[in-house]
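Dear colleague,

I am handing over the structure below, and after it I set out what was found when going through it. Please read the notes with the coordinates open beside you.

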Amino acid sequence: MQRSLILLKPDCIQKAIVGQVISRFAGYAIIASKLVQLDDSLLNEHYAHVADLPFFPEIAEFMSSCPVMALVLEGENVIQGVRDLIGPTDSKVAPKGTIRGDLGTDRMKNVVHASDSPDSALAEINRFFEADQIIT
């Protein structure tokens with residue numbers, strides 16, 4: 001059993017497509033969820049790998065423009081399964097039938113973030129949730 005962090009980004013919240021996106025994760029258990037307003041500290045930690053790049057301020061502004069919905073999904077091979085469901089980062093090249101291909105706009109406004117490895121999933125889940133917020 002694996003776990004993955006999912007963030008439903010501001011464009012998902014603002015377009016009111018949260019239910020539509022969550023329904024695509026059928027077969028995986030939602031074991032935690034909450035709305036989170038991302039602050040500078042959380043943004044700097046979550047995006048540490050790009051925090052020194054010129055486009056980071058744009059990401060920070062977008063991701064803090066409204067609350068995001070954070071979820072923890074659990075299931076067999078959930079990390080790769082969800083990555084396949086969401087499609088590539090750039091919504092313009094994401095295939096139809098994927099979440100980003102059907103609902104995203106571009107590389108940043110791509111509806112959803114998902115963990116890309118077991119190590120990042122663990123770190124990301126711990127960043128957004130306390131242990132007692134996760135149903136086990």
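Glu 74 has a relative accessible area of 22%, so it counts as partly exposed, and in this predicted model its side chain forms a salt bridge with Arg 3, the closest N and O atoms being 3.0 Å apart. Because Arg 3 belongs to strand E1 and Glu 74 to strand E3, the pair ties together parts that are 71 residues apart in sequence. Arg 3 is likewise partly exposed, at 28% relative accessibility.

There are three salt bridges in the structure. Another of them joins Asp 102 and Arg 24, with the closest N and O atoms 3.0 Å apart. This pair also links distant parts of the chain, since Asp 102 sits in helix H6 (residues 99-103) and Arg 24 in the loop between H2 and E2, 78 residues apart. Asp 102 has a relative accessibility of 32% and counts as partly exposed, and Arg 24 is partly exposed with a relative accessible area of 23%. In the remaining pair, Arg 127 forms a salt bridge with Glu 45, where the closest N and O atoms are 3.3 Å apart. Arg 127 lies in helix H7 and Glu 45 in helix H3, so here the parts tied together are 82 residues apart in sequence. Arg 127 is partly exposed at 21% relative accessible area, and Glu 45 is partly exposed at 44%.

Turning to the strands, the first of these salt bridges spans two that pair directly: strand E1 (residues 2-8) and strand E3 (residues 68-75) run in the antiparallel sense over seven bridges, and Gln 2 has Gly 75 in E3 as its bridge partner. They belong to an open sheet of four strands, in the order E2-E3-E1-E4, with antiparallel pairing. Its edge strands are E2 (29-36) and E4 (112-114), each of which pairs on one side only. On average, and with direction ignored, neighbouring strands of this sheet are turned by 20° against each other.

Two helices can be placed against this sheet. Helix H5 (residues 78-86) packs on the sheet and touches E1, E3 and E4, its direction making about 30° with that of E1. Helix H7 (residues 118-128) lies across E1, E2, E3 and E4, and runs at about 60° to E1.

Which residues of H7 are buried? They are Ser 120, Ala 121, Glu 124, Ile 125 and Phe 128, and, seen down the axis of H7, the buried residues fall within an arc of 130°, so they line one face of the helix. What covers them includes E1, E2, H3, E3, H5 and E4. The face of H7 turned away from this buried side carries the exposed residues Pro 118, Asp 119, Leu 122 and Asn 126.

As for the interior, the largest nonpolar core has 23 residues, and those with the most contacts inside it are Leu 38, Tyr 47, Met 63, Phe 128 and Phe 129. The elements that give two or more residues to this core are E1, E2, helix H3 (40-46), helix H4 (56-63), E3 and H7, and the largest share, five residues, comes from H4. Leaving aside residues up to four places away in sequence, Leu 38 touches Leu 43, Met 63, Ser 64, Val 68 and Phe 128. Apart from this core lies another, of 21 residues, with Tyr 28, Val 82, Ile 99 and Ala 121 among them.

Finally, two backbone positions may deserve a look. Most residues other than glycine have a negative phi. Ala 16, however, has a positive phi of about 55° although it is not a glycine; this residue is placed in the loop between helix H1 (10-14) and helix H2 (18-23), and at 67% relative accessibility it counts as exposed. Asn 77 also has a positive phi, of about 50°, and is not a glycine either; its place is in the loop between E3 and H5.

With best regards

How values were computed. Residues numbered from 1 in each chain as written. Predicted model: local features only at pLDDT ≥ 70, side-chain atom pairs only at ≥ 80, totals over all residues. Heavy atoms only, no water. Pairing = 2+ DSSP bridges. Axes fitted to C-alpha atoms, helices over the stretch in contact; angles between N-to-C directions. Contact = heavy atoms within 4.5 Å. Core = buried A, V, L, I, M, F, W, Y, C linked by side-chain atoms within 4.5 Å. Buried < 20%, exposed > 50% of the residue type's maximum accessible area, 1.4 Å probe, protein only. Arc of directions from axis to C-beta. Salt bridge = Lys/Arg side-chain N within 4 Å of Asp/Glu carboxyl O.
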